[in-house]
Amino acid sequence: MGLERPVVGVVGAGTMGAGIAQLALENGHEVVLHDVDEAAIARGRARIGEGLARRAARLDLDADSIDDWVAGRLGGLRDAHTLDAVGAEAEVVIEAALEDPDLKRAIFRALDAATGPEVILATNTSALSVGSIAAATVRPERVLGLHFFNPAPVMALVEVVAAERTAPAIVEWAVALMTAWGKTPVRCADSPGFIVNRINRPFTLEALRMVEAGVASVEAIDAALREAGFPLGPFELIDLAGLDVNLAAARGIWEGLGRPDRLRPSTLPERLVAEGRLGRKTGSGFYRYGDAGRGAVDPAFAGGPTTLGATEIRDRILRAIAAEARLVAREGVATEREIDVAMRLGAGHPAGPFERAAAPTIDP
Ligand SMILES: NC(=O)c1ccc[n+]([C@@H]2O[C@H](COP(=O)([O-])OP(=O)(O)OC[C@H]3O[C@@H](n4cnc5c(N)ncnc54)[C@H](O)[C@@H]3O)[C@@H](O)[C@H]2O)c1
């Protein structure tokens, strides 16, 4: 494709956009950063500077060279106040604006007009159809999904999403670029939740169902999964992501897959969201949060009944995850190997579902 080190346009300078811009700068690209909100560009620029400084501190450099490295990388960053300004320079554009299908389609329509026909357009959508975003352009073969995980400069996994009309050469080009950036790209088809967000649905859903059924408490479930090597228990994870975010993902994937019973969202988060208890960010969800971080389980869930043992709790969740993983593989969304890699690197699972099935020592 001949794009050795393309100029990267980033649209949306929030959490993900700033992270992606930082990553491109670290790898020696020039970056044009755009946001509708001028203040967001300034905030993004500050965050990128801090991120580059953190990265530089880990390089084997003396203090002066660290400053030079950060200044050099930041020198490649330019603000773009319009999409036309992005289009004037960028050879590949990565969109990380809000998760709103109409907004993303409008941005892609405008990018299609603002950029040359050879420019590759990528979306960092978490769960929207890449194909429906690509359809807003007259170059759907040059549109794909690049699903980074938060924080983008740190998390190794990138799901490279091929929509129905994405050209195979564009997918391969993106895989090569992500590899050059030090990432571990996995290819996947344009299907609701892609790999990680779909296969990890049962991690929280089965946990919620056990609490609703009165067979295991919040604390017992979180303890069982932590013991099994997961970085966070399901309820700690929901609180961290936000109950509203978890609920939106649960609904989006369930709807997108045609409302299968197995993934029907639990009503428990709905009730908490209605009460304004969104998890860590509001100070209360399944747990209480204060200045010192996570406190005790919320009184509404404290001391719940637990008739299932830790092994049963863990097995019930792992079985549901394995079943979803088999469906994803059977549907051709991704290969078993890529699913295993994605679940380890994207969701922190100690082993992928197929590795677990193949190795009795890690199979519970
Ligand atoms: N946060 C995550 O963990 C995560 C992980 C993977 C993917 N994503 C996806 O990445 C995207 C961005 O998420 P985020 O967490 O960075 O959100 P964010 O709210 O931090 O940032 C979004 C930014 O987009 C800007 N924006 C809104 N409309 C715009 C427009 N028309 N043109 C340009 N910029 C516009 C906003 O001003 C804001 O600065 C979403 O699609 C999200 O689903 C998020």
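Start by selecting Gly-346: you'll find this residue in helix α15, which covers residues 336-347. Keep in mind that what you have open is a predicted model.

Is Gly-346 buried or exposed? Switch on the surface and look: Gly-346 is buried, because its relative accessible area is 15% and the cut-off for buried is under 20%.

Next, see who surrounds Gly-346. Set aside the neighbours within four places in sequence, then select Phe-149, Met-155, Leu-157, Val-196 and Val-341: these are the residues in contact with Gly-346. From that group, pick Leu-157 and draw a distance from its C-alpha to the C-alpha of Gly-346. You should get 5.7 Å, although 189 residues separate the two in sequence.

Now zoom out and select the whole chain. How many residues at least 24 apart in sequence meet like this? As a share of the contacts between residues at least 6 apart, those joining residues at least 24 apart make up 67%.

Colour by secondary structure and you'll have 16 helices and 10 strands to explore. Turn the chain around: its C-alpha atoms fill a box of roughly 60 × 45 × 40 Å along the principal axes. The radius of gyration is 21 Å, which agrees with the value near 21 Å that a compact globule of 364 residues would have.

Bring the surface back for the chain. About 15600 Å² is accessible, with 53% of that belonging to carbon and sulfur atoms, while 51% of the 364 residues are buried.

Last stop: colour by charge. There are 39 positive and 50 negative side chains, and the centres of these two sets lie 4 Å apart.

Definitions and conventions. Residues numbered from 1 in each chain as written. Predicted model: local features only at pLDDT ≥ 70, side-chain atom pairs only at ≥ 80, totals over all residues. Heavy atoms only, no water. Helix = DSSP H or I, 4+ residues; strand = E, 2+ residues; numbered from the N terminus. Rg over C-alpha atoms; globule rule 2.2 N^0.38 Å. Buried < 20%, exposed > 50% of the residue type's maximum accessible area, 1.4 Å probe, protein only. Contact = heavy atoms within 4.5 Å. Areas by Shrake-Rupley, 256 points an atom, 1.4 Å probe, with all protein chains shown as cover. Lys, Arg positive; Asp, Glu negative; His and termini not counted. Charge placed at Lys NZ, Arg CZ, Asp CG, Glu CD.
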